[in-house]
Amino acid sequence: MAQAYMTEKGNGGSEPEPSESRFRRRLAELRGDRGIWRRGLVLAAISVLIALIMIFHAQVPNDVGNLGSLTETFLPWLGLAVPVLLAAAVFRRSATALIAILLTAVVWTNLFGGLVTDKSGSGGNLMVATHNVDADNADPRGTAESVAKSGADVLALTELKGSVVPVYEKALAGAYKYHSVEGTVGVWSRYPLTASSPVDIKMGWTRSMRTTVDTPQGQVAVFVAHLPSVRVKLNAGFTANQRDNSADALGAALAAEPLKKVILLGDLNGTMNDRALSEVTSQMRSTQGAAGDGFGFSWPAQFPMARIDQIMVCGIKPDASWTLPRTSSDHLPIAARLTV
């Protein structure tokens, strides 16, 4: 009669199965599982759809509720679907879903992986900053003092309420010798400002301006803009037509600028991915994209989800770009170091 034997340890217990053996046994089970390629087809389809949206976002139509612009505004956040789908695919033991999710992860990394890392350098001879201060700001003086502490040589403020402009002027007078305000936007500078004037962005009132900053390295054209707000409505979708028209007008003003060194500061109510800003973004380089620390999301301040506040340059080298500490505004201020 055959007798079965079990390997025993010194304490009389059975010896545990080696982890390598358990792995091989598990692998053999998976190989024998014919359903591993059939399960999770819905998860795989969702993953492929997300990957296609990221790859072909420019083809998402804007005809219905500006869906294309809405998608492009929050495009990086589609990456959050990857870990959720991955967990579901593991639970379902689906090889098909895992491969599809890997494809989605590769697409996201290719598009946005470069923004995750810190690309900032140590150079620069001009620091600029911009902040939408919020017309309903409960502490304008504190906001002004906070952004002044950044050490920026040139500071642009948007959404300035006329009755509160003197508060900003007084609070910033010690740090900035020169300033110019046009409508609801303004520039404060350590260097002389000349040829300041409004820029018509087709809104009916002034929310954009241009000035020349006489830096030690030469003249720089500085544009400040606060493009119209956009809204997400259940009955109208992403309402952005006025913003889009103003972006085209701003792009035309930038194209007509005679100086070769140009800086654009302000709240554009759109991200660099938004096709509606192409008349602007095609001419300018984002400091955050070129030399930023992370995504640099600036809005809403309590939980930033998009970078709609921008610093862009032409003919100037970006060295570093980052967000500044939160103020009483609903936007975060942003800053950049440049080499003029």
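**Exercise 1. Find which residues of helix H5 are buried, and describe what covers them and where the helix bends.**

Solution. The buried residues of H5 are Ala95, Ala97, Ala100, Ile101, Thr104, Val107, Trp108 and Phe112, where buried means under 20% relative accessible area, exposed over 50% and partly exposed in between, with a 1.4 Å probe and protein chains only. This is a predicted model, in which local features need pLDDT of at least 70, side-chain atom pairs count only at pLDDT 80 or more, and totals for chains, interfaces and linings use all residues. Residues are numbered from 1 along each chain as its sequence is written, and side-chain values use heavy atoms, with hydrogens and water left out.

Next, look at the cover: helix H2 (41-55) and helix H4 (81-92) are included in what covers the buried residues of H5. Helices here are DSSP runs of H or I with at least four residues, strands are runs of E with at least two, and both are numbered from the N terminus. An α-helix has 3.6 residues a turn, so residues three or four places apart point the same way.

Finally, follow the axis: at Asn110, H5 bends by about 50 degrees, the bend being the angle between axes fitted to the seven residues ending at a residue and the seven starting there.

**Exercise 2. Lay out the six-stranded sheet and trace the partners of strand S12.**

Solution. Begin with the order, which is S5-S6-S7-S10-S12-S11 in an open sheet with mixed pairing; two strands pair if DSSP finds at least two bridges between them. Strand S5 (193-198) and strand S11 (285-286) are the edge strands, each with a single partner strand, so one side of each has no neighbour in the sheet.

Then take S12 on its two sides. Strand S10 (residues 262-267) runs antiparallel to strand S12 (residues 309-314), and six bridges join them. Within this pair Leu264 stands opposite Met312, while Asp267 has Asp309 as its bridge partner. S11 also pairs with S12 in the antiparallel sense, over two bridges, and Arg285 has Val313 as its bridge partner there. Five of the six residues of S12 are buried, so the strand is largely enclosed by the rest of the structure.

**Exercise 3. Place Leu265 in its surroundings.**

Solution. Leu265 belongs to strand S10 and is buried, with a relative accessible area of 0%. Setting aside neighbours within four places in sequence, its contacts include Val128, Ala129, Val154, Phe223 and Ile311, contact meaning heavy atoms within 4.5 Å. Leu265 and Val313 are 48 residues apart in sequence, and their C-alpha atoms are 8.9 Å apart in space.

**Exercise 4. Describe the second largest pocket and the largest cavity.**

Solution. The terms come before the values. On a 1 Å grid over the protein atoms alone, a cavity is a set of points where a 1.4 Å probe fits but cannot get out, a pocket is an open set with protein on both sides within 12 Å along at least five of seven lines, and lining residues have an atom within 4 Å of a point. Grid points are joined across faces, edges and corners, and a volume is the space filled by probe spheres set on the points.

The second largest pocket has a volume of about 280 Å³. Of its 16 lining residues, Leu115, Met272, Asn273, Phe295 and Arg307 are the closest to its centre. Helix H5 (95-116) and helix H10 (287-291) each supply at least two residues of the lining.

The largest cavity holds about 40 Å³ of space, and its lining consists of Asp134, Ala135, Asn137, Pro140, Glu159, Lys161, Val164 and Tyr168.

**Exercise 5. Examine the backbone at Arg93, Asp134 and Pro300.**

Solution. Most residues other than glycine have a negative phi, and most peptide bonds are trans. Arg93, in the loop between H4 and H5, has a positive phi near 55 degrees and is partly exposed, with a relative accessible area of 37%. Asp134 has a positive phi near 75 degrees; this residue is found in the loop between strand S1 (126-132) and helix H6 (140-148) and is buried, with a relative accessible area of 15%. As for the peptide bond, Trp299 and Pro300 are joined in cis, with omega about -10 degrees, and Pro300 lies in the loop between H10 and S12.
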